[in-house]
Amino acid sequence: MSLILKQVTNLSSDKDKLYSLAKEAFPSKEEYLKPEKLLKMQENGEIEYFSIYDENTFIGFIITKLYKEMVYLFFFAIESKLRNKGYGSKTLQLLKEHYRNCIQTVDLELVDKTAKNNKQRISRRKFYIRNGYLPTGKGLEYFNTKYEILCDQTNFDINKFKEMISNINIEGFNPIYFDINLN
């Protein structure tokens, strides 16, 4: 397994695969952003949009937001047929190398016993914790969904995170922040 990141552009050869995976991985209208919007955000310097490859095989994509030595993993998807094969963990390692001196953050749907996809939420949380991310005790809500914020370091700065998020220009994206009881 030898993963590489390739910046997505209008000329990317696997655009159809990217678009298909984005629709499969983020099916709700609130989660899904049109690829044209993502490319425009990248052109404006708001995000970085990468395809993930294992040599010449398309694996998935990540979208990040870099701000003052903090990186927010905004979107992350692996092809469904390639999940549970170590590609997710390897991609997170690659991300840490790519943003070597940055604090890594991610948000994920808050574990909720009443949610239809609670098993998936628990599994996703375990995945990030297994890969070095730590609970911050902070959460945010946007598009009527609550998320937990995880960070790969203990010195998480919620104010810097809020500044970073405030620079994401998506219609209706107005996060509300809250504390999470970690006990």
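Mentor: Two strands are said to pair if DSSP finds at least two bridges between them. We shall apply this to the structure above, which is a predicted model.

Trainee: In which sense do S3 and S4 pair, and over how many bridges?

Mentor: The pairing of S3 with S4 is antiparallel and extends over eight bridges. One example is glycine 60, whose bridge partner in S4 is isoleucine 78. The two strands form a hairpin with two residues between them. In that turn, lysine 68 has a positive phi of about 45°.

Trainee: In which sense does S4 pair with strand S5?

Mentor: S4 and S5, the latter spanning residues 103-109, pair in the parallel sense over four bridges. Tyrosine 72 has threonine 105 as its bridge partner in S5. Together with helix H3 (residues 87-98), S4 and S5 make a right-handed β-α-β unit.

Trainee: How many of the residues of S4 are buried?

Mentor: Nine of the nine are buried, so S4 is largely enclosed by the rest of the structure.

Trainee: How should I read a nonpolar core, and which residues touch the most other members of the largest one?

Mentor: In soluble globular proteins, nonpolar side chains tend to be buried together. Here, the largest nonpolar core has 36 residues, and Phe61 and Phe161 touch the most other members. The elements that each supply at least two residues include helix H1 (15-25), helix H2 (35-43), strand S3 (57-67), strand S6 (134-142) and helix H5 (158-166). S4 gives the most to this core, with five residues. Apart from this core lies another, of 23 residues, among them Leu5, Leu73, Leu92 and Tyr128.

Trainee: With which residues is phenylalanine 61 in contact, leaving aside its neighbours within four places in sequence?

Mentor: Its contacts include Leu18, Leu21, Ala22 and Phe26, and also Tyr49, Phe50, Ser51, Ile52, Phe75, Phe76 and Ala77.

Trainee: Serine 51 appears in that list. Is serine 51 buried or exposed?

Mentor: Serine 51 has a relative accessible area of 2%, under the 20% limit, and therefore counts as buried. Serine 51 lies in strand S2. With neighbours within four places in sequence again set aside, serine 51 is in contact with Ile4, Leu5, Lys6, Val8, Leu18, Phe58, Gly60 and Phe61. Serine 20, found in helix H1, is partly exposed, because its relative accessibility is 48%.

Trainee: How does one judge disulfides, and how many are there in this model?

Mentor: A disulfide is a covalent bond between the sulfur atoms of two cysteines. The rule applied here asks for sulfur atoms within 2.5 Å, and by this rule the count comes to zero.

Trainee: Why does cysteine 102 not form a bond with cysteine 151?

Mentor: The sulfur of cysteine 151 is the closest cysteine sulfur to that of cysteine 102, but the two are 11 Å apart, which is too far for a bond. Cysteine 151 is likewise in no disulfide. Cysteine 102 counts as buried because its relative accessibility is 12%, and cysteine 151 counts as buried because its relative accessibility is 0%.

Trainee: What is the mean pLDDT of the protein, and what share of its residues reach 70 or more?

Mentor: The mean pLDDT is 90, and 98% of the residues reach 70 or more. Confidence is lowest in H1, at a mean of 83, and highest in strand S8 (residues 176-179), at 96.

Definitions and conventions. Residues numbered from 1 in each chain as written. Predicted model: local features only at pLDDT ≥ 70, side-chain atom pairs only at ≥ 80, totals over all residues. Heavy atoms only, no water. Core = buried A, V, L, I, M, F, W, Y, C linked by side-chain atoms within 4.5 Å. Buried < 20%, exposed > 50% of the residue type's maximum accessible area, 1.4 Å probe, protein only. Contact = heavy atoms within 4.5 Å. pLDDT = per-residue confidence, 0-100. Right-handed = clockwise from strand over helix to strand, strands pointing away.
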